[in-house]
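Please load the model in your viewer and keep the selection tool ready. We will walk through it one stop at a time.

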Amino acid sequence: MLWKEKWSQEKSENLPKTAISSLEKCDKTFFPNIYILLKLLAVLPVSVATVERSFSSLRRLKTYLRNTTSESRLNGLALLSIHRDIKIRDEEVFDKFASVPRNLDFVL
């Protein structure tokens with residue numbers, strides 16, 4: 001009831017519009033339960049589209065021929081498929097591979 005009374009005295013243009021802005025104006029010591037609820041509300045996804053996109057990408061990647069793919073490779077492929085809008089420069093990939101020491105035996 002105190003939380004409601006706090007905001008009933010404010011003008012409508014001063015009311016917070018999002019959970020994050022409400023969280024910034026919430027006193028953690030005076031309203032601990034409201035603070036926790038606002039933190040949860042701020043991090044909850046609005047939809048489950050990300051999870052569904054992850055599963056559909058995983059279904060495309062993990063085909064019958066790729067059942068022997070290791071977990072780390074599968075995770076990397078899934079991340080590349082899901083976040084395909086992120087641009088990766090070739091030089092970054094080359095530098096990453098060049099920094100890993102390799103024990104290669106050359107037979108002449």
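Start by selecting W3, W7, L23, C26, F31, Y35 and L38: these seven residues make up the largest nonpolar core. Keep in mind as you look around that the model is predicted. Now colour helices α1 (2-8) and α3 (32-43), the elements that each give two or more residues to this core.

**Around W7**

Stay with the core and centre the view on W7. Which residues is W7 in contact with, leaving aside its neighbours within four places in sequence? Show N14, L15, P16 and K25, and you have the set.

**Over to S22**

Next, pick S22, which sits in helix α2 (residues 19-25). Is S22 buried or exposed? Its relative accessibility is 12%, so S22 counts as buried, the cut-off being under 20%. With neighbours within four places in sequence left out, S22 is in contact with W3, P16 and L38. You have already met P16 as a contact of W7, while W3 and L38 belong to the core. To check the link to L38 yourself, draw a C-alpha to C-alpha distance from S22: you should read 7.3 Å, for two residues 16 apart in sequence.

**One step back to L37**

Move on to L37, also a helix α3 residue. At 54% relative accessibility, L37 counts as exposed, since the cut-off for that is over 50%. Try another distance here: the C-alpha atoms of L37 and L23 are separated by 9.2 Å, and the two residues are 14 apart along the chain.

**The aromatic pair**

Now display the side chains of F30 and F31. The structure holds one aromatic pair, and these two residues form it. How are the rings arranged? They are edge-to-face, with 4.8 Å centre to centre and 80° between the planes. Turn on the surface and compare the partners: F30 counts as exposed, because its relative accessibility is 52%, whereas F31, at 10%, counts as buried. F31 is also one of the core residues from the opening stop.

**Along α5**

Travel further down the chain and select helix α5 (residues 71-82). This helix has twelve residues and reaches 16 Å from its first C-alpha to its last, close to the 16 Å expected at 1.5 Å a residue. Within α5, highlight L74, A78, S81 and I82, which are buried. They cover an arc of only 90° around the axis, which puts them on the same side of α5. The reasoning behind such a pattern is short: an α-helix has 3.6 residues a turn, so residues three or four places apart point the same way. Rotate to the other side of α5 and you will find S72, R73 and L79, which are exposed.

**Zooming out**

Finally, clear the selection and show the protein chain in cartoon form. What does the pattern along the sequence look like? It reads α-α-α-α-α-α, with six helices and zero strands. Of the 108 residues, 16% count as buried. Switch to a surface view for the last stop: the accessible surface comes to about 10000 Å², and 61% of that belongs to carbon and sulfur atoms. If you list contacts between residues at least 6 apart in sequence, 27% join residues at least 24 apart.

Definitions and conventions
Residues are numbered from 1 along each chain as its sequence is written. This is a predicted model: local features need pLDDT of at least 70, side-chain atom pairs count only at pLDDT 80 or more; totals for chains, interfaces and linings use all residues. Side-chain values use heavy atoms; hydrogens and water are left out. Helices (H or I, at least four residues) and strands (E, at least two) are DSSP runs, numbered from the N terminus. Buried means under 20% relative accessible area, exposed over 50%, partly exposed in between (1.4 Å probe, protein chains only). Contact means heavy atoms within 4.5 Å. Accessible areas come from the Shrake-Rupley method with a 1.4 Å probe; for residues, only the protein chains shown count as cover. A nonpolar core is a set of buried Ala, Val, Leu, Ile, Met, Phe, Trp, Tyr and Cys residues joined through side-chain atoms within 4.5 Å. The expected span of a helix is 1.5 Å times one less than its number of residues. The arc is that of the directions from the helix axis to the C-beta atoms. Rings of Phe, Tyr and Trp (its six-membered ring) pair if their centres lie within 6.5 Å; planes under 30 degrees apart count as stacked, over 60 as edge-to-face and the rest as tilted.
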